[in-house]
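Please open the model in your viewer and keep the selection tool at hand. The stops below take you from one selection to the next.

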Amino acid sequence: MAKFGNIIHSIAQSSWSEEGWVSKMGQTKRPSLETPFSKRLHLRLPLIVAPMAGVTTPEMVAHASNAGAVGSLPCAYLSPDQMTEAIAKTNLLTTRPFAVNLFLPSPVPRVSKDRIQAALEVTAPYRDEMSIEAPSLLPPFLPNFEAQFEVLLRTSPTLFSFVFGVLDREHMQACRDRGIATVGTATTLEEALELEESGVNYICLQGTEAGGHRAIFEPEQDEPGVSMKDLLESAASKLKTPLIAAGGIMTGQEIVRALKLGAQAVQMGTAFLLADEAATSKPYRDVLLNRSAGPELTRVFTGRLARGIPTRFQTEMKASPHAILPFPMQHALTRPLRAKSETIGSSQFISAWAGQNVAEIRNGFSTVSLIHELEREGLASLGLGSR
Ligand SMILES: Cc1cc2nc3c(=O)[nH]c(=O)nc-3n(C[C@H](O)[C@H](O)[C@H](O)COP(=O)(O)O)c2cc1C
């Protein structure tokens with residue numbers, strides 16, 4: 001029996017309103033942060049603490065889930081063994097539902113020797129400065145997706161979220177057979193429609209405000225620039241699949257606003273970057289706290305568009321757009337630079353992913369305390385006290 005047996009049916013039977021959830025039977029419940037998503041998963045708050053590669057640890061995932069939200073384990077850059085270990089660690093720390101997150105596979109880019117040469121030449125002075133060798137630019141650039149997917153099926157988390165496209169029929173069926181609910185990610189209404197067509201259980205709408213990689217299906221496509229609010233408004237009237245709002249949400253009031261616009265849950269990343277349990281490095285924390293500029297979109301770290309606060313590498317590489325390789329080759333090219341920079345405590349070559357509303361980031365908190373605070377803020381904005 002699938003874990004998510006009747007969830008879509010029951011979700012379709014109700015909607016959020018100022019007065020609270022209204023069931024198809026016409027019964028209105030008191031206003032609350034409850035949604036069919038939070039009800040199904042027995043949550044205090046319809047919140048997913050975003051999977052953030054390099055930041056979200058198994059501890060953070062477990063603490064988020066134990067606090068009554070949903071933690072999400074970023075596994076895109078993990079080998080199958082590392083992924084197995086991270087999931088096992090999370091399972092030791094929580095018995096509550098959590099998500100596992102992967103990047104869908106990208107075709108290996110075909111790149112001319114001249115282009116590779118240009119990319120190596122432009123970045124050579126930086127490697128000299130950091131005393132590191134030029135990396136091998138032979139595939140594979142990322143862990144094997146099929147092997148990661150096998151771990152996913154074997155470990156069967158409650159939710160599987162993914163970015164960069166639509167999961168094919170066979171993989172979707174495998175998830176359904178094991179009762180794993182699927183969450184696809186869209187940056188436009190068109191992408192969301194494709195995800196709905198594929199039969200995903202949830203669609204995470206990632207507005208342009210979001211920090212980190214843009215989930216755009218087509219790696220070379222320009223930024224569509226649709227805000228979370230616009231995306232949610234257009235999708236809510238056209239889609240039947242339950243929606244999760246992501247991008248720029250930093251407070252409990254903003255959570256409630258997204259629910260009022262038709263979301264069943266929200267996914268928040270930037271707000272949690274400075275959590276005690278986050279693996280956010282010291283130089284990254286320094287950039288977040290001492291920002292001299294707002295986050296910008298860039299391809300210089302991985303070849304895919306992502307939003308981050310400009311560090312020296314992000315700023316200087318703007319002058320060399322011809323020397324940026326496609327995803328995920330650029331990721332392989334810059335990874336050693338980023339790693340060395342972080343190891344020596346320098347922010348110069350790190351990616352400092354952050355969303356547009358990073359100015360509202362809090363500092364000095366645990367994942368659990370922020371979740372409780374967001375719940376308090378959300379309830380207060382509905383005119384209710386804490387539970
Ligand atoms: C540091 C960082 C790393 C991220 N890594 C991932 C990831 O591995 N997988 C993913 O699906 N989304 C990733 N995201 C995007 C988040 O899932 C989410 O869409 C985004 O954080 C929402 O916008 P916000 O940062 O304004 O809250 C990342 C975001 C950040 C800030």
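Select β9 (212-213) and β11 (265-268) to begin, since in this predicted model each of these strands supplies at least two residues of the shell around the ligand. Next, add Ala210, Gly211, Gly212, Gly269 and Gly355, which come nearest to the ligand among the 28 residues around it. If you colour the shell by residue class, you will find 15 nonpolar residues, twelve polar ones and one charged one.

Now colour the protein chain by its domain assignment, which gives domain 1 (1-106 + 143-277 + 366-387) and domain 2 (108-141 + 280-360). The contact between them takes 21 residues from domain 1 and 20 residues from domain 2, and on the side of domain 1 that touches domain 2 there are seven nonpolar, ten polar and four charged residues. The C-alpha centres of domain 1 and domain 2 lie 28 Å apart. Where does the ligand lie with respect to domain 1 and domain 2? Both domains give residues to the shell around the ligand, so the ligand lies between them.

For the last stop, select helix α10 (residues 252-260) together with helix α14 (residues 367-381), which pack with their axes 7 Å apart and at an angle of about 60°. That angle makes α10 oblique to α14, and the crossing in which α10 passes α14 is right-handed. To see where the two helices meet, show the side chains of Gly252, Gln253, Ile255 and Val256 in α10, and opposite them Leu374, Glu375, Arg376, Glu377, Gly378 and Ser381 in α14. Sorted by class, this contact of α10 with α14 has three nonpolar, four polar and three charged residues.

How values were computed. Residues are numbered from 1 along each chain as its sequence is written. This is a predicted model: local features need pLDDT of at least 70, side-chain atom pairs count only at pLDDT 80 or more; totals for chains, interfaces and linings use all residues. A residue is near a molecule or strand if its C-beta atom, placed from the backbone, lies within 6 Å of it. Helices (H or I, at least four residues) and strands (E, at least two) are DSSP runs, numbered from the N terminus. Ala, Val, Leu, Ile, Met, Phe, Trp, Tyr, Cys and Pro count as nonpolar, Asp, Glu, Lys and Arg as charged, and the others, Gly among them, as polar. Domain bounds come from an automatic or database domain assignment. Two residues are in contact if their C-beta atoms, placed from the backbone, lie within 7 Å. Axes are lines fitted to C-alpha atoms, for helices over the stretch in contact, and angles run from 0 to 180 degrees between N-to-C directions. Angles under 35 degrees count as roughly parallel, over 145 as roughly antiparallel, 65 to 115 as roughly perpendicular and the rest as oblique. A crossing is left-handed if the near helix is turned anticlockwise from the far one by less than a right angle, and right-handed if clockwise.
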